[in-house]
Amino acid sequence: MANEPTTDQFVRDMLREIGHPRPWEKSCSDAPAYIYDALEGASKRHTGKRGQPEFLIETGEFLLVIEDKWSYEDSALREDDNNIVCTPDSCPGYALNGAAHYAKHLASKTKKRVFGVGVAGSESHYDMTCVSVGANGELKELANLETLAPFAEDSIDEYYRVAVLGELPREEREVREIRKVAANLHEGMRNYASLENENKATLVSAILLALKYRPELLEDLTGDQRSGYRDGEKVYNAAKEFLESSEADLGPKQKIGIMLDRFSYIKRHVLLNQRNRDLGKTPLQHFTEILDHEVFEAVSSPSHSAFDVLGNFYGEFVKYGGSDGNSLGIVLTPHHITDLMAELIDVNSDDVVLDPTAGSGAFLIAAMRRMFGDAEKRYNHKPDRLVNHLNEIKKFQLHGVELQDRLFAVGTTNMILRGDGKANFQRRSFFDATRDDFFPYNPERPGRLEGFTKVLMNPPYSQSKDKMTRHLSELSFIERALSQLEVRGRLAAIVPQSAMVGKTKEDRDLKAKILKHHTLDAVLTMNPDTFHGVGTHVVIALFTAGVPHPETKKTAFVDFKADGYRVRQHVGLVDDGRAADRRKHLLEVIRDGVPDDTSFVVRSEVTASDEWQHSYFYFNDQPPSYEDFYATVADYLTWQVDMHTHGLGDLITPALAVDEAEALVEEGVVADADLPDLRFEPMFITDVFETMKAAGKWFDLSKARVRGAPAVPYVARSGGGNGIGSFLPHQGFDAPNAGNAITIGVSTSTVFYQPTDFYTSKEIQVLRHPELNVLNAPLLVAALRDQMHKFAWGNGASLDRLKATRVMVPVATDDSGVQVVDWEGMTEYGRNLRARAERSIDRIVVGKIRS
């Protein structure tokens, strides 16, 4: 095929990115002898000749074979049971089938673990499918990929274990162990010490700080009951001495005082300090043993630096205790999200980072890890410079604000244990913090570090409940944080989807204010299970501070719900083996402008009145297929037949005389006539239809008059019977909605053509145009249905959302050179489709009667 070399080059580029610039191709004559010999007799056409795969690479114990096709439609051919077909016809014609054929052959000959990948389409629109070959030669189809990142040398083994064997990812195994410890501690603190939930994470913080200062502390916890010698006093004193030491270098005495106030109960808590009969020791000694043996290394080791251990402890205590977290709007951010957000705004070792709602310090931990890594890359051969730079990062470049004193203690402890006691972690309301609070006079601080360049934040959710608390909305936190940034500083915030809608006047005003002074770069709709167990659907919003949003700027709206994480029963949210691949592709799209389908990214101009999320701007840029159009026409025709069969035909027949209606349908119909060629382009719904309004004078069916002969269709939001819930007698007033219209259910996204006048339930939108008729309407119904997937409960097909929605419609160019809807072409197409559907129904009905 003429375009196949283009796809070949696209695959070569992807292979080069994962460290394979010279894959074996076709004859594989330069491959090792055992691979070259294994291709003998492997022809895709089953002729017994040598196989010539398009690409083949070897990585450790694995082989990867790739077949590609230039046409997206040639991705894969499956049997009725959805299995891959490996026949002499399917293997040469379809990318995945050919790859699967070679993978099975190579696995049997080489005894290696083999992946087969099919790539079909172009760089801007492609399908990448994958199979693995089991020990017995059986094929296992894996989830679709966006890149070849899982097959890189340092990733392929983990990908195999997770995607093929179904094991938990290494990181999740470690997380699971930590959470198991948290669960055990929760049980122990409840059973042995009757600790309130708010004190559990605080106790963990105090013990870990005490162990940091006195590693031998455990030997000194003996259960002595004398005043001044109790276990609680020893833990408290060790933590206090550490906080006041030069090693911690914690900063303001106010911060130390807040911490010690939170820890003070440990000294006098009776059950903590009293020897427990079942344990044979004090509960405090028991908890210290667990933390010393199973947690301390994890919480302070650089290898665990991306994982917020203390934050997860706090989250587990809140979860098990059914306590304060969610009621306070506290939603702790998963570590893969904090890492992603730091990468999205490119946090580096020169940045000064602020988290204005710092919680347990998870964002600061993620930022510090990236900053340390960047510094080590830059100054790897200059050890003195590296030490100075790392000290600057610790002392001047990480700032956090937290109002809740419990979380403040957890966050401060987190930063200390990470080797950053100097972090500027403040307990106050972010809205009260001034520049002097963040950057008081300090002759040691370089001038270049006296302003924030990056903000990472997860503000409290659902705090804006009435006019008195409007200033606590998520957008208020974002606007305030943007005002604290230097010009061209970057901000990443994770907030509920509803925050991007602007439901209140105050939020709409804030959106306008933000765009007036700052730039909205991108909004990512995230996995609905990101905060599994909380039920909050979130987006990540990216901004540039101090640069007014240009009217012509194309903001990227991304659907990142398929982020490579899924909920596993009894475990929680885990990587399904594709997370690295999905993340790499996301960064390519956001940073480098790599094209993708509108189902993944829409780049659009944006205003304050728009909803800042992918579903608002999304449209399916692939026109409906012949099968889509035919199915819609056939469904409508079948409904008509059903109505006539049940004696209701007159109620759905337009006021148009019967002979005129028949003439409209029959005009120009020729048996098996060729369908006209239609040219499709995207158009806003408001440019296709003359009017789009909410249905007039709707009423609830339960309040309808039901006595009397059925006379008028009642259109509801249901999906069956052409959207008609029932047929009602006249209600004492004329049906307020004239026929020859298309209806859309707001909350159900159901779309139908209504030929006659109708009543409606609530939440029905009505679309009209003078050129609309029974022949072209089904085509527009199909086109509209293709766009309805973006709507859902709580995010329905409102008029504002529909006005921002584009559909793929047939177009023509008028005499003045303007692109317009091709009503004539649609009518002709619909007429011939209807004729085909009628003949099909005739054959079926006659055949059934005869049989």
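## Two loop residues with positive phi

Let's start in the loop that links α1 (4-17) to α2 (33-38), where you'll find Lys26. This is a predicted model, and in it the phi of Lys26 sits near 55 degrees, a positive value in a residue that isn't glycine. Why call Lys26 partly exposed? Because its relative accessible area is 37%, and the partly exposed class runs between 20% and 50%.

Much further along the chain there's another case, Asn740. Its phi is positive too, at about 60 degrees, and again the residue is not a glycine. Asn740 belongs to the loop between β20 (724-728) and β21 (741-745). With a relative accessible area of 26%, Asn740 is partly exposed. For background, most residues other than glycine have a negative phi.

## The protein as a whole

Stepping back, the protein's secondary structure adds up to 31 helices and 26 strands. It has 851 residues, and 56% of them are buried.

How do the contacts spread along the sequence? Take the contacts between residues at least 6 apart in sequence: 70% of these join residues at least 24 apart.

## Gly93 in helix α3

Gly93 has its place in helix α3, which covers residues 90-93. Its relative accessibility is 26%, so Gly93 counts as partly exposed.

Which residues does Gly93 touch, once you set aside its neighbours within four places in sequence? The answer is Lys69 and Asp74. You can also look at Asp68: this residue is 25 residues from Gly93 in sequence, and the two are 9.8 Å apart in space, C-alpha to C-alpha.

## Where α6 meets α7

Two packed helices are described by the angle between their axes and the distance between the axes. For helix α6 (residues 170-193) and helix α7 (residues 197-213), the angle is about 110 degrees and the axes are 11 Å apart. That angle falls in the 65 to 115 range, so α6 and α7 are roughly perpendicular to each other. Their crossing is right-handed.

On the α6 side, the residues that meet α7 are Leu185, His186 and Met189, and they come up against Lys200, Leu203 and Val204 in α7. By type, the residues of this contact between α6 and α7 split into four nonpolar, one polar and one charged.

## Where α26 meets α29

Now for a pair drawn from distant parts of the sequence: helix α26 (residues 626-645) and helix α29 (residues 777-785). Their axes come within 9 Å and cross at roughly 120 degrees. α26 and α29 are therefore oblique to each other, and α26 passes α29 in a right-handed crossing.

Who makes the contact? From α26 come Asp628, Phe629, Thr632 and Val633, while α29 brings Pro778, Leu779, Val781, Ala782 and Arg785. The residues of the α26 and α29 contact divide into six nonpolar, one polar and two charged.

## Helix α9, buried or exposed?

Helix α9 takes in residues 231-243. At 1.5 Å a residue, its 13 residues should span 18 Å, and this agrees with the end C-alpha atoms, which are 18 Å apart.

Of those 13 residues, 10 are buried, so α9 is largely enclosed by the rest of the structure. The buried residues of α9 include charged side chains, with Asp231, Glu233 and Lys234 among them. Also buried in α9 are Gly232, Val235, Tyr236, Ala238, Ala239, Phe242 and Leu243.

Note on methods
Residues are numbered from 1 along each chain as its sequence is written. This is a predicted model: local features need pLDDT of at least 70, side-chain atom pairs count only at pLDDT 80 or more; totals for chains, interfaces and linings use all residues. Side-chain values use heavy atoms; hydrogens and water are left out. Axes are lines fitted to C-alpha atoms, for helices over the stretch in contact, and angles run from 0 to 180 degrees between N-to-C directions. Helices (H or I, at least four residues) and strands (E, at least two) are DSSP runs, numbered from the N terminus. Angles under 35 degrees count as roughly parallel, over 145 as roughly antiparallel, 65 to 115 as roughly perpendicular and the rest as oblique. A crossing is left-handed if the near helix is turned anticlockwise from the far one by less than a right angle, and right-handed if clockwise. Contact means heavy atoms within 4.5 Å. Buried means under 20% relative accessible area, exposed over 50%, partly exposed in between (1.4 Å probe, protein chains only). The expected span of a helix is 1.5 Å times one less than its number of residues.
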